[in-house]
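Please look over the model below before reading on. The questions that follow work through it from individual contacts to the wider architecture.

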Amino acid sequence: MNFKLKDIVPQLITVLAVVLVFGFFTYNAQINMENRGIDFGYGFLSQESSFDVQFSLIEYDGSHSYFRAYLVGLLNTILVSVIGIIIATILGVIVGIARLSPNYLINKFAAFYVEFFRNIPLLLQIFFWYFAALRALPLPQDAEAIFGVFFLTIKGLYVPAFIWQNFNIFFYSIIAAIIAIIVIRAHAKKVQENQGKQIPVFLISIGLIFILPLLSFLIGGVRLSFEVPVLKQLATTSFIYEGGVSLPPELIALTLSLSLYTATFIAECVRAGIQGVGKGQKEAAASIGLTPNQVLKLVIMPQALRIIIPPTTNQYLNLTKNSSLAAAIAYPDLVLVFAGTALMQTGKAIEIVSITMFTYLTLSISISILMNWYNKKIAIQEK
Amino acid sequence: MSNINFLKPDRTNLNTFLYLGSFLFFISILDVFLNSFFRLNLTGFLPNFLSFLLPLILGFVGLYFIRIEYSGIKNLDLLNKHINTNNFNAVLSLLIIFIIIKSLPPILSWFVIDASFAGDTKDVCTGSGACWTYIKVWMRRFMYGMYPNAEQWRINLSFVALVLLGSVGYFATDKFKKYLTLYYVVIYPLIAFLFIFFFISGGPVFFDFSYGIIAAILSIIIGFFIPSKFKFYYFLIVPLALYVILKYFLFFEEYIELGKLDGLNWVETGAWGGLSLTFIISFFCLIFCFPIGMAFALGRRSEFPLIRYISVGFIEFWRGVPLITVLFMSAVMFPMFLPEDFFIDKLVRAIIAISLFEAAYVAEVIRGGLQALPRGQYEAAKSLGMGYWKMHIFVILPQALKLVIPGIANTFLALVKDTPLIFVVGLLEIVGMLNLAKTNPKWLGFAMEGYVFAAIIFWIICYAMSKYSYNLEQKYKTDR
């Protein structure tokens, strides 16, 4: 009896404390809402939102519902996160490798970059790019074309739009190429295990991924043309570009600062990962006659990735969460559209803040579950 | 291996190659230098494209000529080893040198040469450079926010006093060393708290502090008679319960006035701001988030499943949401959860929100340290007959915390870098003040100077902290 009591009492007390705190909060919330005449419920999601959003990936205007506004914000958040993750990864890997370079100048340059950007608050960087750097860009009528087709102006970046014909066939050709590569890889592995022969898989893969889509152009009737943005005069002093795709300056400032900032952390992860592989591993691999490329591919990278991937996933998560700083420069992301404008209009503080938090929570927990699963899979099995 | 050394130096003809190579290298750098500093283009007579690439080509050939395995000349060998190991590295080195030379003049002229420092109106800023006058005029606002000018000595004095009190640890003799933890965990925060409330705020402190003090003293006295097994839970619950009983059932009074210092005017928290607010917030959040984080780290490794689940839930919840939504919550949602007559200042709300948020990160960092300790440590402590708390306080935590110093420092760095976000609840620290100053009609158009100034300040703070944490890490490193 005594033994059981010792186990149960602390848990009971803790649970009781949590329940009491939550009960206290709920009780107060009920009273407060009654006093202010607010009713709790998610019915407002289907009501007409009657506010407009500057930049959206799906069709949206004031006549759509609040739920649609939520989707617009969510998609904008995802857009900025995905672009940011891609740029940050590329930059981070380059800088991380550069930090290990034997070249003194490159090494120091990379170190300078990392120390500089990681020690300045992200919000300050976003403000800097948005309010200071991008405001110094030329007006649309004065902008010079970059490579003849891009226009970087104070009103945003204008890029040509792709206009596809028979896009499906192009898409299928890429999928076919990927499947072919997987098959060839499996075959090559079998051949090597059975006969010890090596097939140049990498070259064949590169060839496939270029040749099959190219064939789709030649045979499949896929056509690609560009729509170049053209300057158009609205009034005597007001110009805009028409056609093409326009990226608003908010998006540019946000992706730029997010990726520059996160790249420093990814660079450190990459550096730690490569340094974490013991020197003995390299020497052992070289001594059994592997070529430098094979050493990198078969010995260093698998071990380095084991160290690199978990913290890098964490950085991706951070980037996604940091994209909520968009609200500070009025980029219409989830926080601005939903927790900002929609909250102001409906006054449903509890519902809207909880939906917003729950959305971010779902995003991060799903990524972290994935990460934990991967982590378990690649971890060294200790006896 | 081919024996043909096409245009490669060896020991015999080294001198010729050395002169030729360094001459070409020198010419290439001179060309870029003259071009960027004096706007002279030596190679202007060439076609545009060639004139642009010529320094790179010359420098590349020059570096190629002087690349040699071992020459015996110290400087040359150093150069070859560090920036000239192969063709690819040579090109990269050249590019970096050129970028540095190219970017120096504009940066220098913007920062110093064309910048204006004198005067105190916008009119002096006519040059193309930075207008540091703007920073000079707005300096007090950036440092102290809307805090009245005449009262700013109060902030200065408090900060100096707190820094001095905080540095006690350096001068403590061995005799007092064992009390340092107690000092830093309990006494120092209390002193800081009093300083902020009586001195910086200066208002009559309407605070139900006194009930708290009575409850604390009573519960400590009774605590002596509680068996040590239940002491933790006793202290978790009884002081709070006593406080509630005292406040709501015995005395019924709303507040007790603790009084104020004579001669000091009240400055409401809305007027606080600038860099000093950054310090205040970081300081308190650090103090609060550390014990909370430690508790949840232990909770996550607890053997009781319910406590473990609650801790995991807490940690994953705060780690999963962005800070800005947490602050939104503290601004719009939190007041709904409190009794109607109960008002919490928005600064306090922000500090609570940031502390809880960072505590989750601290918890994960500490859990990493706990996991890294070998099982033998736990088993050894248990075999000595230590209970849970004794084991953790005397054996586990000292070692685990030593392991996680860099992680804790990183979390704290993140905290300092997150403070600008408090603009969400309407508090303006230095970045917020910059945005305010930027829209002042008298000083339009100096956004760049402001952000550069704030960036420099933050950079210095954060860089110093990261170097300090690195030193700490080296100091406490114990080989195992």
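**Core, domains and interface**

Q: Which residues does Ile126(A) touch, not counting residues up to four places away in sequence?
A: In this predicted model, local features need pLDDT of at least 70, side-chain atom pairs count only at pLDDT 80 or more, and totals for chains, interfaces and linings use all residues. Residues are numbered from 1 along each chain as its sequence is written, while chains are lettered from A and ligands numbered from 1 in the order in which they are written. With contact taken as C-beta atoms, placed from the backbone, lying within 7 Å, the partners of Ile126(A) are Ala253(A), Leu254(A), Ser257(A), Leu325(A), Ala328(A) and Ile329(A).

Q: Which helix gives the largest share of the core in which Ile126(A) and Leu327(B) touch the most other members?
A: A nonpolar core is a set of buried Ala, Val, Leu, Ile, Met, Phe, Trp, Tyr and Cys residues joined through C-beta atoms within 7 Å, and a residue is buried if 20 or more other C-beta atoms lie within 10 Å of its own, exposed if 12 or fewer, and partly exposed in between. The largest such core has 147 residues. Its largest share, 15 residues, comes from residues 249-276 of chain A, that is, from helix α7.

Q: How far apart do the C-alpha centres of domain 2 and domain 3 of chain B lie?
A: Domain bounds here come from an automatic or database domain assignment. For chain B, that assignment gives domain 1 (14-113), domain 2 (136-147 + 267-475) and domain 3 (207-256). Between the C-alpha centres of domain 2 and domain 3 of chain B, the distance is 28 Å.

Q: Which element gives the most to the side of chain B that touches chain A?
A: On this side, 44 residues of chain B are in contact with 47 residues of chain A. Elements giving two or more residues to it include α4 (87-113), α14 (323-333) and α20 (447-475) of chain B, where helices are DSSP runs (H or I, at least four residues) and strands are runs of E (at least two), numbered from the N terminus. With 10 residues, the element that gives the most is α20(B).

Q: Which residue of β5(A) stands opposite Ala161(A)?
A: Strand β4 (residues 161-165) of chain A is hardly covered, with zero buried residues among its five. Five bridges join β4(A) to strand β5 (residues 223-227) of chain A in an antiparallel arrangement, and strands pair if DSSP finds at least two bridges between them. Opposite Ala161(A) in β5(A) stands Glu227(A).

How values were computed. Contact = placed C-beta atoms within 7 Å.
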